[in-house]
Amino acid sequence: MHCFSDASKRNYAAVIYIRFLQKSGNVKTNIVSSKSRLLSNKGKITIPRAELNGFLLMCELYSSVIFALESVYVVNDVYFWSDSSIVYCWVKNMKTIHKPYVERRLSKIKKIITDDQYLKLVPSKLNSADIATRGLSPSELLNCSLWIHGPSFLNLSENEWPNLQ
């Protein structure tokens, strides 16, 4: 399972894909679920905080998806992808003390992600959650392979995936 998050000035989003290795050796990926939220226009929120909200949304979406799928499928590994190096560092270094806004969200994330070895940094152009933050028309969305199947690197072996750490 591969979970992606992203944010913009207007909203934040998460999308989850399931990756199947077929008997033939081919890899198939398909979207399982997605969710987005608008940011409040009452106060200004920084992009890193919006990205953190997106990451938390991704974790919460993962929790609901895994609950629904665990009785039907065996999910071996779950990868959490973000294009925000700031959020990546915040989540990787959860022992560091942060401001209350960040700390509250990190504590919720920590309850869901117990092993940060599956936390990955992805280039923005390969982050499929970016589509939900900039928006596409319904017809464009139906024809968007990045949205339907996720980034093409998911069809490759793990050692060929982006590694921006």
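This tour goes through helix contacts and then pockets in a predicted model.

**Stop 1: helices H1 and H3**

Select residues 47-69, which form helix H1, and residues 100-112, which form helix H3. Their axes come within 10 Å and cross at roughly 25°. Angles under 35 degrees count as roughly parallel, so H1 is roughly parallel to H3. The crossing in which H1 passes H3 is left-handed.

Now show the side chains where these two helices touch. On H1, pick Arg49, Leu52, Asn53, Phe55, Leu56, Cys59, Glu60, Tyr62 and Ser63. On H3, the partners are Tyr101, Val102, Arg105, Leu106, Lys108, Ile109 and Ile112. Coloured by class, this contact of H1 with H3 shows 10 nonpolar, two polar and four charged residues.

**Stop 2: helices H1 and H2**

Keep H1 selected and add residues 85-92, helix H2. How do the axes of H1 and H2 cross, and at what angle? They cross at roughly 60° and come within 9 Å. H1 and H2 are therefore oblique to each other. H1 passes H2 in a right-handed crossing.

The H1 side of the contact consists of Pro48, Glu51, Leu52 and Phe55. From H2 come Ile86, Val87, Trp90 and Val91. Seven residues of the contact of H1 with H2 are nonpolar, one is charged and none is polar. Leu52 and Phe55 are worth labelling: they belong to the contact with H2 and also to the contact with H3.

**Stop 3: the largest pocket**

Clear the selection and pick Met1, Arg19, Phe20, Asn76 and Asp77. Of the 15 residues that line the largest pocket, these are the closest to its centre. The pocket holds about 350 Å³ of space.

Next, select strand E2, residues 11-21. This strand gives the largest share of the lining of the largest pocket, four residues. By class, the lining has 10 nonpolar, two polar and three charged residues.

**Stop 4: the second largest pocket**

Which residues line the second largest pocket? Select Val91, Lys92, Asn93, Met94 and Lys95, then add Lys110, Ile113, Thr114, Asp115 and Asp116. The space here is about 160 Å³. Colouring the lining of the second largest pocket by class gives five charged, three nonpolar and two polar residues.

End at Val91, which ties two stops together: Val91 lines the second largest pocket, and on H2 Val91 takes part in the contact with H1.

Methods
Residues numbered from 1 in each chain as written. Predicted model: local features only at pLDDT ≥ 70, side-chain atom pairs only at ≥ 80, totals over all residues. Heavy atoms only, no water. 1 Å grid on protein atoms, 1.4 Å probe; cavity = no way out; pocket = protein on both sides within 12 Å on 5 of 7 lines; lining within 4 Å. Points joined across faces, edges and corners; volume = space filled by probe spheres on them. Nonpolar A, V, L, I, M, F, W, Y, C, P; charged D, E, K, R; others polar. Axes fitted to C-alpha atoms, helices over the stretch in contact; angles between N-to-C directions. Parallel < 35°, antiparallel > 145°, perpendicular 65-115°, else oblique. Left-handed = near helix turned anticlockwise from the far one by under 90°. Contact = heavy atoms within 4.5 Å.
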